[in-house]
Amino acid sequence: MASVIFTECSSSTMLRLNHLNRRNGSYLPRPCVSLRSTASGRGCTLSIRSSSPSAIVINGMAEAKKIRDDIKTEVSRMKESIGVVPGLAVILVGENEESATYVRNKKKACKSAGIQSFEVLLPEDSSEEEVLRSVSGFNDDPCVHGILVQLPLPSHMDEQNILNAVSIEKDVDGFHPLNIGRLAMRGGKPLFVPCTPKGCIELLHRYNIGIKGKRAVVIGRSNIVGMPAALLLQREDATVSIIHSKTKNPEEITREADILVSATGQPNMVRGSWIKPGAVVIDVGTKRVEDSSAPCGFRWAGDVCYEEACKVASAITPVPGGVGPMTIAMLLVNTLASAKKIHNFK
Ligand SMILES: Nc1nc(=O)c2c([nH]1)NC[C@@H]1CN(c3ccc(C(=O)N[C@@H](CCC(=O)O)C(=O)O)cc3)C=[N+]21
Ligand SMILES: [Mg+2]
């Protein structure tokens, strides 16, 4: 290893730390080399001048592909042995362009994995009763093993009421209050866990990033991502803090995080200075932002200032290609698991 130089304003390089710690199955720096909180407040001042610092990029797209391939194999095994094809139903209300994109992606993923997909598109001004009727139809349909009501719903509908109506056996989104309640209980056994947080944890596992005993900070407390992510991390024995819009000085708390999960949908909110050197950063944000230089007129922006974060973090998920594809892969995982359970197929 070349000389290690301590400079005042350098961003840290975790190359050496990564090298050391990957042998222990962890990308996190050892406490004894975790230099932080300098007087200037710039965080770590350890650097190796000769090499440009850069975090490991967590390739969610590649992991998702592997998972989808495994599902495809299982789906055909199931079809051949018992003649059952797993089915996923999606209910989409209104014309929200982003929602339409997700629904399209889910449909594509189902198709390539051999999962049958069903879809109900309802106009924005539909009544709650109409949505409830669709839910109930899918609850009773033996070809459907998973039901997903795309959120957000139009504001005139009671979201809780609708999520409550989904059969918990088919709640592949894990949004039914019973599944969430069980997730929150010590020793509780949810039938399904929400796909995005589940995808985040799966990425950490697949990259051998230890969670037990680590400080985890989640930014955002939504029912879809923030809150279940915090619960899951806590179940994996992390010590978890949740940051939200009323939190004072959030960056002081994020700088404590060994694992930082951001799910706010506010592009570039998380700056490099918010991140502890060597931390693992999971960026859940996927916001469409106008960009005339992009081929389709927009691009996907995460919550994290990626260029800055790369210089500080030891590992980071990109947007796109990080958490997003894993979300869809987990949806297929849950749907297959549901079909197996309903048909008692091992
Ligand atoms: N009931 C419900 N369940 C959800 O799981 C749910 C939802 N409602 N409402 C909206 C959010 C958002 N969400 C995403 C899924 C995949 C990508 C995704 O695949 N993103 C790609 C970019 C998009 C693309 O390339 O087309 C990526 O990050 O690489 C993003 C966002 C699921 N959600
Ligand atoms: Mg992504």
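**Exercise 1.** Find out how many residues surround ligand 1 and which are the closest.

*Solution.* Start with the count: 19 residues surround ligand 1, where a residue is near a molecule if its C-beta atom, placed from the backbone, lies within 6 Å of it. Next, the closest ones are L151, T286, P320, G324 and T327. Keep in mind that this is a predicted model, where local features need pLDDT of at least 70, side-chain atom pairs count only at pLDDT 80 or more, and totals for chains, interfaces and linings use all residues. Residues are numbered from 1 along each chain as its sequence is written, while chains are lettered from A and ligands numbered from 1 in the order in which they are written.

**Exercise 2.** Work out which element gives the most to the shell around ligand 1.

*Solution.* First, list the elements that supply at least two residues each: α3 (97-113), β6 (146-149), α7 (195-206) and α11 (323-342). Helices (H or I, at least four residues) and strands (E, at least two) are DSSP runs, numbered from the N terminus. Then pick the top giver: α11, with four residues.

**Exercise 3.** Say which domains the shell around ligand 1 draws on, and how they touch.

*Solution.* The chain's domain assignment gives domain 1 (56-61 + 194-324) and domain 2 (72-192); such bounds come from an automatic or database assignment. The shell takes at least three residues from each of them. Now for the touching: seven residues of domain 1 are in contact with eight of domain 2, contact being C-beta atoms, placed from the backbone, within 7 Å. Finally, the C-alpha centres of the two domains lie 25 Å apart.

Methods:
Contact = placed C-beta atoms within 7 Å.
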